[in-house]
Structures are given as C-alpha cells and as structure tokens.
Amino acid sequence: MDEMREQGRLCKQASYALAKLSDEKKNEALMRIADVLWEQRDSIFQANKEDVDAARAAGRNESFIDRLSLDEQRLAGICEGVRQVAALPDPCGKVLAQWDRGDLHLVKRSVPFGVIGIIYEARPNVSVDAAALCLKSGNACYLRGSRETFASNQMLCKWMREALKQCDIDENGVALVQDVSHEAADAFMKMREYLDLLIPRGSARLIARCVENARVPIIETGSGNCILYIDRKVNKDWVIPILINAKCQRVSVCNAAESLLIHKDRLDLIPMILQALKANGVTIHGDETICSYDTDVILADEGDYAKEYLDYEISIKCVESVDEAIDHINTHHTMHSDAIISDDPQAIEAFLNGVDAAVVYANASTRFSDGFEFGFGAEIGISTQKLHARGPMGLSELTTYKYQVIGKGTIRK
C-alpha cells in the first residue's frame with residue numbers, strides 16, 4: 001500500500017507539469033507512444049500471451065478471452081486511436097465564458113482535473129486509451145487494472161512511460177498500480193489526497209463497488225443492458241442486419257444488444273429473427289409468445305430482461321405498443337444505449353424522447369456507442385450518469401474549469 005501511495009504522490013507531482021505542456025508537446029508524446037508501442041509489439045504480445053494462457057488454464061470463457069486478447073490488428077487499432085487523439089483540438093485553456101463586473105474582468109477557462117484514476121477489468125486496450133486521453137487533456141493517469149491482465153498492462157505501461165521519457169516528460173504522467181489485490185483496489189478508491197477523479201471501467205459489480213466504497217469523486221461508466229425495439233411499422237430489410245450487428249459483431253462489449261422487444265403486430269418477423277440468431281450461435285430466452293415459435297427458445301424470467309449477458313445470449317419479449325416498449329426499457333435497461341427500428345416518425349420521436357439512456361438510436365445499431373465512432377478518437381468510458389458527462393466521454397469530459405478574475409486594484413465595498 002505504501003508503494004501505491006508513493007506512486008500516487010509522484011503522479012500528483014507530474015500532473016502540475018503536464019497541465020502546463022503545450023499542445024505541440026503533448027502531441028509529440030502521443031505520437032511517440034503510438035510508435036513505441038508498435039515497435040515493441042513482440043514484447044507486448046508475449047506478455048498478453050501469458051495473461052491469455054493463464055485465463056484459459058483458469059477456465060475463463062471465450063468472451064472473456066476475447067476482451068483480454070491482443071493481436072496485430074487490435075494493437076494497430078489502439079495505436080491509431082492514440083494518433084487520432086493527438087490530432088484532436090486541445091481541450092485545455094479554452095475560454096468558456098468571459099464578462100465584466102465593474103472593474104473586474106472574469107474568465108471561465110477549461111483546465112485539467114489533475115490525476116485521474118482508472119480502475120478497470122480485463123481490457124488491456126483501456127490502459128492505452130485512458131492514458132492517451134488523459135495526457136492530451138493535461139492530466140496524469142493512474143491505472144489500476146485486473147489481476148487477469150497484469151502482464152499486458154505492465155508491458156503497455158512500461159513502453160508508454162519510456163515514450164514520455166524520450167520526450168523529456170515526467171514518466172509518472174502514466175503509472176500502474178502493482179498490487180492487484182482487492183484490498184489495494186479499495187485503498188485506491190479512497191486516495192483523495194492524490195486522485196482528483198476516479199473512473200471505473202467494467203462490470204456492474206465493479207462499478208457498484210466503486211460507488212459504494214470510493215471517497216474520490218467518481219464518474220460512473222455503466223454496464224450495458226442495451227435493448228432493441230422493433231416497431232409496428234418497420235423496414236423489414238433493416239431488421240436482421242441491425243439485430244445481428246448489435247448482438248453478434250462483438251458480444252463481449254458494453255454496447256452489444258442484450259435484449260429485443262417486438263411489437264405484437266410484427267410477429268411475422270419472429271421466424272426469420274430466430275433463424276438468424278440461431279445461425280449465429282445465440283441462445284434465446286423468450287416470453288411465452290416467442291417460445292411458441294421454437295422449442296429451442298428458453299422461457300425467460302424477469303431477470304433475463306435486465307441481464308447483461310456479454311455472451312451469445314439474448315432475451316426477446318413481445319410488447320403491445322411503443323409506449324410499453326419505452327416503459328419496459330426504462331425499467332430494465334442500464335441507461336447505456338437503446339434503439340428503435342421503425343418507419344413511423346411519431347414512434348421514433350416518442351422513443352427518442354421517452355427512453356432515458358445516454359445514447360438513443362433510431363434505425364441504427366447500438367454498436368456505434370463508442371468514442372472512436374463518435375469522432376472522439378479513443379474514449380475514457382461511456383457514462384450512464386447525468387452529472388458533468390453522459391455517453392461516450394472524450395477529451396472535453398476530462399477537463400473542469402476555473403475562474404480567473406482580473407482587477408484594477410479593486411476592493412469590495
């Protein structure tokens with residue numbers, strides 16, 4: 001614990017220097033990080049293989065292995081994300097507002113938070129995504145990954161710190177907690193003297209634990225029980241492509257669809273929906289209406305409609321109207337991303353306005369809930385809360401602001 005706190009102190013010290021870096025210097029560091037990670041890819045893949053082999057030996061399922069694994073394509077994408085972050089406008093130092101009050105000139109200006117703590121599970125890409133966004137926004141990044149990804153995270157952080165040193169920037173702008181115990185995680189959440197903000201990335205259980213235990217201000221990034229609704233009036237040709245993309249393109253991510261609602265007047269679509277899902281290896285949990293179409297469908301209980309499967313599973317329910325769909329979604333979802341497939345402008349408007357989620361779609365896959373797809377470069381997470389940040393969080397969400405007040409020998413009377 002002492003080592004973790006000492007590293008926190010070093011991160012805090014580094015944050016003051018990072019806050020003063022020019023945009024050009026930050027971009028130089030980011031481009032160097034991308035280059036070094038790619039140059040050192042063999043050592044990164046070897047470390048990742050250690051993690052993957054250990055996970056397989058422990059009997060972890062394939063969706064977990066998928067989240068954990070790195071290959072050349074994924075690392076190339078990670079490096080490209082860093083370069084895209086470098087190309088984005090600097091979010092720091094922006095004049096958000098200014099005005100005069102008598103002899104006082106007041107300026108509201110964007111500034112970094114300081115040290116941002118990231119606590120996350122088996123996603124080594126988060127190490128780089130988070131560090132890049134923190135550095136671009138002038139923040140130090142203190143990472144606490146999971147036991148299952150420790151070798152990968154350690155190697156990624158080693159080379160990011162090396163890249164900072166090569167640019168004459170304090171390497172403590174990026175750091176990794178070396179203790180992966182639960183006790184260390186709880187202590188990390190309470191380091192108010194060193195962490196200015198905590199962002200959890202992972203399961204509902206991890207996020208709940210942070211909310212319950214953290215003493216550091218926290219932005220919740222939610223788990224993803226994302227729900228699709230097929231309306232009464234719908235373009236039949238859109239249904240299967242959107243559904244299969246949302247559910248099956250990558251089942252282990254938070255923006256994958258976990259539940260499907262269908263209007264009672266479009267049950268004619270059920271046979272082709274079930275066929276498409278089964279062809280993609282998806283286990284289906286359905287209400288009694290859906291079960292009547294196929295004996296392979298498992299009768300769903302209420303818990304299935306609120307479950308984030310993160311696997312080749314989905315729940316399906318028949319509803320009477322768009323209003324019932326909205327009520328069901330607001331009751332069972334995680335306020336992440338939900339979608340309607342419809343040709344009815346009134347139903348679309350009702351859905352977009354009525355569903356209380358960070359991102360609401362009409363006639364598009366929920367898989368677009370991603371900082372890269374929104375044009376943010378990488379993302380720090382997807383916020384499901386309503387304070388300060390909501391939805392995919394990019395650079396601007398990693399700044400706060402301060403007031404600068406300039407007088408003329410002015411005193412208050």
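1. A useful starting point: two strands count as paired if DSSP finds at least two bridges between them. The strands themselves (E, at least two residues) and the helices (H or I, at least four) are DSSP runs, numbered from the N terminus. With that in hand, strand β3 (residues 115-120) pairs with β4 in the parallel sense, over 5 bridges. In this pairing, Ile116 stands opposite Cys141 of β4.

2. Before going further, please keep in mind that this is a predicted model, where local features need pLDDT of at least 70 and side-chain atom pairs count only at pLDDT 80 or more, while totals for chains, interfaces and linings use all residues. Residues are numbered from 1 along each chain as its sequence is written, and side-chain values use heavy atoms, with hydrogens and water left out.

3. Back to β4. The route from β3 to β4 passes through helix α6 (residues 125-136), and this β-α-β crossover is right-handed; that is, with the strands pointing away from the viewer, the path from the first strand over the helix to the second runs clockwise. On to β5 (residues 174-176), β4 makes 3 bridges, and these two strands run parallel. Leu143 stands opposite Leu176 there. The connection from β4 to β5 goes through helix α7 (residues 150-166), again as a β-α-β crossover that is right-handed.

4. Is strand β4 enclosed or open to its surroundings? Here "buried" means under 20% relative accessible area, "exposed" over 50%, and "partly exposed" in between (1.4 Å probe, protein chains only). Since 5 of the 5 residues of β4 (residues 140-144) are buried, the strand is largely enclosed by the rest of the structure. Both of its faces are covered, with Ala140, Tyr142 and Arg144 on one side and Cys141 and Leu143 on the other.

5. Next, have a look at the open sheet of 7 strands, whose order is β10-β9-β11-β8-β7-β12-β13, with parallel pairing. At its edges stand β10 (298-299) and β13 (359-362); each has a single partner strand, so one side of each is left without a neighbour in the sheet. As background, strands of a sheet pair through backbone hydrogen bonds, either parallel or antiparallel.

6. Within that sheet, β8 deserves a visit. 7 of the 7 residues of β8 (residues 257-263) are buried, so this strand is largely enclosed by the rest of the structure. It is joined to β7 (residues 226-230) by 5 bridges, and the two run parallel. Leu228 has Leu260 of β8 as its bridge partner, and the chain gets from β7 to β8 through helix α10 (residues 236-248) in a right-handed β-α-β crossover. Ile227 likewise has a bridge partner in β8, namely Ser259. Another 5 bridges join β8 to β11 (residues 313-319), also parallel, with Cys318 of β11 as the bridge partner of Ile262.

7. How many disulfides does the structure hold? The count is 0, taking a disulfide as a pair of cysteine sulfur atoms within 2.5 Å. For Cys167, the nearest cysteine sulfur belongs to Cys79 and is 15 Å away; Cys167 is buried, at 3% relative accessible area. Cys318, met above in β11, has its closest cysteine sulfur in Cys291, 12 Å off and therefore too far for a bond. Cys318 is buried as well, with a relative accessible area of 16%.

8. The aromatic rings make a nice group. Rings of Phe, Tyr and Trp (its six-membered ring) pair if their centres lie within 6.5 Å; planes under 30 degrees apart are stacked, over 60 edge-to-face and the rest tilted. The count comes to 4 aromatic pairs. One of them is Trp99 with Tyr403, edge-to-face at 6.3 Å centre to centre and 80° between the planes. This pair links distant parts of the chain, as Trp99 in β1 (residues 95-101) and Tyr403 in β16 (residues 399-406) are 304 residues apart. Trp99 is partly exposed at 34% relative accessibility, as is Tyr403 at 47%. Tyr401 and Tyr403 also pair edge-to-face, at 5.8 Å and 80°, and Trp99, Tyr401 and Tyr403 form one aromatic cluster.

9. Finally, two charges over rings. The rule asks for NZ of Lys or CZ of Arg within 6 Å of the ring centre and within 35 degrees of the ring normal. The charged end of Lys108 sits over the ring of Tyr401, 4.2 Å from its centre, and that of Arg60 over the ring of Phe64, at 3.8 Å.
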